[in-house]
Amino acid sequence: MDNKKYIPGFDKESFQVPDGYFEQLSKNIEQKIAEESTPPIRSVNKQLWSVISIAATLFIGFGIWWLTPASTTTSSASIATSEIIESGELDDLLLQQEDAILALVEEQPLLHNEDLSFEEISDYLIQEGVSESDIYNYLESY
Amino acid sequence: MIKSQEEKELESLFTQQKVTPEYFSLVVHVYKERVYWLVRKIVLTHEDANDVTQEVFIRIWEKKHQFNGNSRLFTWIYRIATNMALEHLRKNKNKNHSSLSDGVEDRIFQLQADTYFSGDDAELKFQKALLTLPEKQRMVFQLKYFEELKYEEISQILDTSVGALKASYHHANEKLKAFLKAVD
């Protein structure tokens, strides 16, 4: 069956295009392809600004760290500690610390006073939350 | 459709993934008119056909690495063009959905309003008859009748068996005859 005998068909005279349309169509497509092939300037700028911002932040952060005296002291202290441990001076330091504590204890009249009675000591300990049974057990051990 | 030397060379560039923007200009040059008229027959108005045709070539550029040479380049391009034109119609139908006219009257109205359409009553009647066909039958009819493609080629474009295409074409013929007889 030949349809063309009874169907008018798609007539290009009925369906037209503007003058020079196909030449312009090629240009439009090629332009869009070129845009697709190269990243937009805007995103390049955005990336560039991100890199600059990160670099600037790092630079400022490093500058602050470098110029702050506290950070320098900490750094020196940590180096000094490691040197002390390595040279065996730590024991001397601990002994000095112990002497300082003993000196402090001697300054406390309550702990140093040998004239305190058992009742006074016992009352003090109870006030500090120590139970009577614990005090009794402690005395029993002597 | 006979394969030209130009098409052979383009197919070779696609399969070897050597399609640069410069070579792609040749693709546009060779296929632009065929793609435009294929799309125009589906979407009908020049404005829509222009938009869709440009989108089709952008899509071909983006998917160029997916052409594996299992089909001919023109059937691969026609397949993209057909799918995008139908997709465009579906989007427009959803946008301007009218349950009473089912979109046919709207599209005929748009066609009449198109500056680049000057068809007579017979042409309008024929286009209206085509629009009443189910989408698949319409596509088979258009590719067979207007493009004069072989069933094997249409089979690759629409991803449908040759037997089913022959049946669709027969049904489309019968419906068109009946429709045109009824409106005469």
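**Figure 1. Accessible surface and overall make-up of chain B in the predicted model**. Chain B exposes about 9,100 Å², and carbon and sulfur atoms supply 48% of this area (Shrake-Rupley method with a 1.4 Å probe; for residues, only the protein chains shown count as cover). The model is predicted: local features need pLDDT of at least 70, side-chain atom pairs count only at pLDDT 80 or more, and totals for chains, interfaces and linings use all residues. Residues are numbered from 1 along each chain as its sequence is written, chains are lettered from A and ligands numbered from 1 in the order in which they are written, and side-chain values use heavy atoms, with hydrogens and water left out. Chain B holds nine helices and zero strands (DSSP runs numbered from the N terminus, H or I of at least four residues for helices and E of at least two for strands). Its pattern along the sequence is α-α-α-α-α-α-α-α-α. Of the 184 residues in chain B, 52% are buried (under 20% relative accessible area; exposed is over 50% and partly exposed lies in between, with a 1.4 Å probe and protein chains only). Among the contacts in chain B with a separation of 6 or more, 65% come from residues 24 or more positions apart (contact means heavy atoms within 4.5 Å).

**Figure 2. Chain A, an all-helix pattern**. Seven helices and zero strands are assigned in chain A, giving α-α-α-α-α-α-α along the sequence. Buried residues amount to 10% of the 142 residues in chain A. The accessible surface of chain A is about 12,000 Å², and 60% of it belongs to carbon and sulfur atoms.

**Figure 3. Crossing of helices H1 and H4 in chain B**. The axes of H1(B), residues 5-15, and H4(B) come within 9 Å and cross at roughly 70 degrees (axes are lines fitted to C-alpha atoms, for helices over the stretch in contact, with angles from 0 to 180 degrees between N-to-C directions). H1(B) is therefore roughly perpendicular to H4(B) (65 to 115 degrees; under 35 is roughly parallel, over 145 roughly antiparallel, and the rest oblique). From H1(B), Glu7(B), Leu10(B), Glu11(B) and Phe14(B) meet Leu73(B), Phe74(B) and Trp76(B) of H4(B). By class, this contact has five nonpolar, no polar and two charged residues (Ala, Val, Leu, Ile, Met, Phe, Trp, Tyr, Cys and Pro count as nonpolar; Asp, Glu, Lys and Arg as charged; the others, Gly among them, as polar).

**Figure 4. Helix H7 of chain B and its cover**. H7(B) runs over residues 135-146, and its twelve residues should span 16 Å at 1.5 Å a residue, which agrees with end C-alpha atoms 16 Å apart (expected span: 1.5 Å times one less than the number of residues). Nine of the twelve residues are buried, so H7(B) is mostly covered. The buried residues are Gln137(B), Arg138(B), Met139(B), Val140(B), Phe141(B), Gln142(B), Leu143(B), Tyr145(B) and Phe146(B). Their cover includes H2 (21-43), H4 (73-95), H5 (104-113), H6 (121-131), H8 (151-158) and H9 (162-183) of chain B. Just after H7(B), Glu148(B) has a positive phi of about 55 degrees.

**Figure 5. Helix H8 of chain B and the loop that follows**. H8(B) is mostly covered, with six of its eight residues buried. These are Tyr151(B), Glu153(B), Ile154(B), Ser155(B), Ile157(B) and Leu158(B). H4, H7 and H9 of chain B are included in what covers them. Asp159(B) comes just after H8(B), in the loop between H8 and H9 of chain B. Although not a glycine, Asp159(B) has a positive phi of about 55 degrees. The relative accessible area of Asp159(B) is 58%, so this residue is exposed.

**Figure 6. Leu44 of chain B, a non-glycine residue with positive phi**. Leu44(B) sits in the loop between H2 and H3 (46-62) of chain B. The phi of Leu44(B) is about 75 degrees. Leu44(B) counts as buried because its relative accessibility is 2%.

**Figure 7. Leu180 and Lys125 of chain B**. Leu180(B) belongs to helix H9 of chain B. With a relative accessible area of 11%, Leu180(B) is buried. The C-alpha atoms of Leu180(B) and Lys125(B) are separated by 7.4 Å, and the two residues are 55 residues apart along the chain.
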